[in-house]
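Reader: I am new to this structure and would like a close look at a single part of it. Could you take the second domain of the first chain and walk me through how it is built and what it touches?

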Amino acid sequence: MRRPVHQLLAALSYGDAISNEALAIQAHLRRAGYDSDIFAEGVHPRMAHLARPLWQYPDVSSRETVCLFHFSIGSAAGRLIHHAPDRLVAIYHNITPAHFFLGFHPHLAGLCYHGRRELEAFATRTELGLGDSEFNRRELEAAGFARTGVLPIVLDLDSYGGPVSPVVRRLYDDGRRNVVFVGRIIPNKRIDDLIRSFALYQRHAEPHSRLLLVGDYRGHERYFDRLRELVATLGVQEVVFTGHVDHDELLACYSVADLFLCLSEHEGFCVPLLEAMVFGVPVVAYDAGAVRETLRGGGLLIQDKRLDVVAELMSQVLADPALRERILETQRRALAELRATDFGALLADRLAPVLGTPAPSSEARA
Amino acid sequence: MSKDVSADGVDVEAVMAQIRERIAEKKRRGLLTDEEVREIAERPLHPVLDAHEFRSRLLTELLADRERWAYSFSPAHVYGSSRGGAGRLLEKVRRLLNPIQKLFWNPTPMISALSRQADLNQSYVHLIHNLAEELTRVNLDVQDLRNRVLQLQGRLELHARREKALEALLTEAQAGPKGERGRA
């Protein structure tokens, strides 16, 4: 009988980096001969055939089962696995500090606050904690996890070669300079700083420009409304909030981008940085959280978020082909390093402390 | 390496020197001022909605001066006096003279009206409190709905632009084969 190594998620979504990572882990585990299923509380209709409902998890739960739990705040999956007898590995994708949501989303602020305490409760229950960046691993260590490691998100680079939405491409490929940011419209991403910097850039460098903010704002309408007010009061033109986009539309947005600007103040990994590099878009990013690690030496990192400097830097990168080419060269090197990563070997190595050892006795676990 | 910006393989010092030079040049020419940068940077992003159309201090002011409206009134009050011992004597005299006073005017309806008013005041304050609460909530709801309308308007505009782009693509697609045929 094949050894069971299953995964537990709050949600298996379509096109989401964490969901894609779960699927990649499953593929590698199956190839390595393990019995591996994904159990999720919520499953996107397009992914229904790829996951089993959470309520079926007790059928496979046992002391011999290894469960890779993608930690998420306040989830039923978390409560279930915390009390299950399985050997537990927590995969941590970070929790945004609560203070970012205060005022804008008090409920989420509460969830994030309690989420960090919940993480501490998992520290003693978990055999191994894996962060998708060194930044996240350090947070696991601070939360009290005894054994930790880094399992970076490795992108399925082939998925970016698909067809781009011709409509979206047509819409934004109109000769304007497109400064793009991809990510949810939430306070820690500091979309307001993007708008402020872009306002200066548009006023003093390139009036024929556009700020394309690609990301879902549902659930964060209060923040979104304040951002729109900011756009109106600053009198910035062509700030486009696309809302949620399909994969082909996302690809189209990257394909028309002249610059990827990220001024986020808290990132546990930030997949869009890699995506921008895949599309050969120069990246300028604020050095916060795991951004530096994710960029792997690619792009330009800003340590000081002075608006006039950011605006001028945007102008410089967009106007100076030689600088742009040098930045793209750093990104190509980073991507080559990423492409050389053998995710299967990395996964096997990181899980070795758990998969390579027999289940500890109940006395030892207690 | 500059402390503002870093990148592997890029001469950041040179880039930053150029940037500083360009900023200084813009400032010299009056195109960019520190005030403008500060104004943009410090433009607040208020997280909490403010029901600014309602004077929310009104209720606080009313509740702060409780004695002005929360009074009790009984028939005995019309004879009362605040002058201590002399006042008590005065009160007795007023009561004794009451039948004579009643020959000139009837104080009973006034006493009853003031008593009712005291009771009504309590109800009014309760009512105002609830109204203030409701009005604030309604105000916030209106602002919220206004924002949602603007959101929808934004989406509608985006869809209109998409529609135009789609139409243009279709026109091109239809014109394409004809053109090719024409060329052939």
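Author: What follows is a connected account of domain 2 of chain A, beginning with its place in the chain and ending with its surroundings.

The model is a predicted one, and in it chain A is divided into domain 1, which covers 5-154 together with 341-365, and domain 2, which covers 158-339. The C-alpha centres of these two domains of chain A lie 29 Å apart, and 17 residues of domain 1 are in contact with 15 residues of domain 2. On the side of domain 1 that touches domain 2, helix α5 of chain A (residues 134-142) gives the most, with 3 residues, and the residues of that side divide into 7 nonpolar, 8 polar and 2 charged.

Within chain A, a good place to begin is strand β9, residues 209-214, which runs parallel to β10(A) and is joined to it by 4 bridges. In this pairing Leu211(A) stands opposite Val239(A), a residue of β10(A). Together with α8(A), the strands β9(A) and β10(A) make a β-α-β unit that is right-handed.

Helix α9 of chain A, residues 247-256, can be considered next, and its buried residues are Leu250(A), Leu251(A), Ala252(A), Cys253(A), Tyr254(A) and Val256(A). The buried residues of α9(A) pack against α6, β8 (177-182), β9 and α10 (271-278) of chain A, so strand β9(A), already met as the parallel partner of β10(A), is also one of the elements that α9(A) packs against.

Cys253(A) leads on to the largest nonpolar core, which has 127 residues and in which Phe69(A), Val89(A), Ile195(A), Cys253(A) and Met314(A) touch the most other members. The element that gives the most to this core is α12(A), with 8 residues. Because domain 1 and domain 2 of chain A both give residues to this core, the core lies between them. Met314(A) deserves a closer look: leaving aside residues up to four places away in sequence, Met314(A) touches Val179(A), Ser197(A), Tyr201(A), Leu259(A), Leu261(A) and Val284(A). As a general background to such a core, nonpolar side chains in soluble globular proteins tend to be buried together.

A loop of chain A also calls for attention, the one between α11 (291-295) and β13, where Arg296(A) is found. The phi of Arg296(A) is near 50°, which is a positive value in a residue other than glycine. Arg296(A) counts as buried because it has 20 C-beta neighbours inside 10 Å.

Finally, there is the contact with the other chain, in which 37 residues of chain A are in contact with 34 residues of chain B. The elements of chain A that give two or more residues to the side touching chain B are α6 (166-172), α7 (191-204), α8 (221-234), β10 (239-243), β13 (300-302), α12 (307-319) and α13 (321-339). The residues of that side of chain A divide into 17 nonpolar, 9 polar and 11 charged. Several elements therefore appear twice in this account: α8(A) and β10(A) belong to the right-handed unit with β9(A) and also give residues to the side that touches chain B, while α12(A) gives the most to the largest nonpolar core and likewise gives residues to the side that touches chain B.

Definitions and conventions
Residues are numbered from 1 along each chain as its sequence is written. Chains are lettered from A and ligands numbered from 1 in the order in which they are written. This is a predicted model: local features need pLDDT of at least 70, side-chain atom pairs count only at pLDDT 80 or more; totals for chains, interfaces and linings use all residues. Two residues are in contact if their C-beta atoms, placed from the backbone, lie within 7 Å. Ala, Val, Leu, Ile, Met, Phe, Trp, Tyr, Cys and Pro count as nonpolar, Asp, Glu, Lys and Arg as charged, and the others, Gly among them, as polar. A nonpolar core is a set of buried Ala, Val, Leu, Ile, Met, Phe, Trp, Tyr and Cys residues joined through C-beta atoms within 7 Å. A residue is buried if 20 or more other C-beta atoms lie within 10 Å of its own, exposed if 12 or fewer, and partly exposed in between; C-beta atoms are placed from the backbone. Domain bounds come from an automatic or database domain assignment. Two strands pair if DSSP finds at least two bridges between them. A crossover is right-handed if, with the strands pointing away from the viewer, the path from the first strand over the helix to the second runs clockwise.
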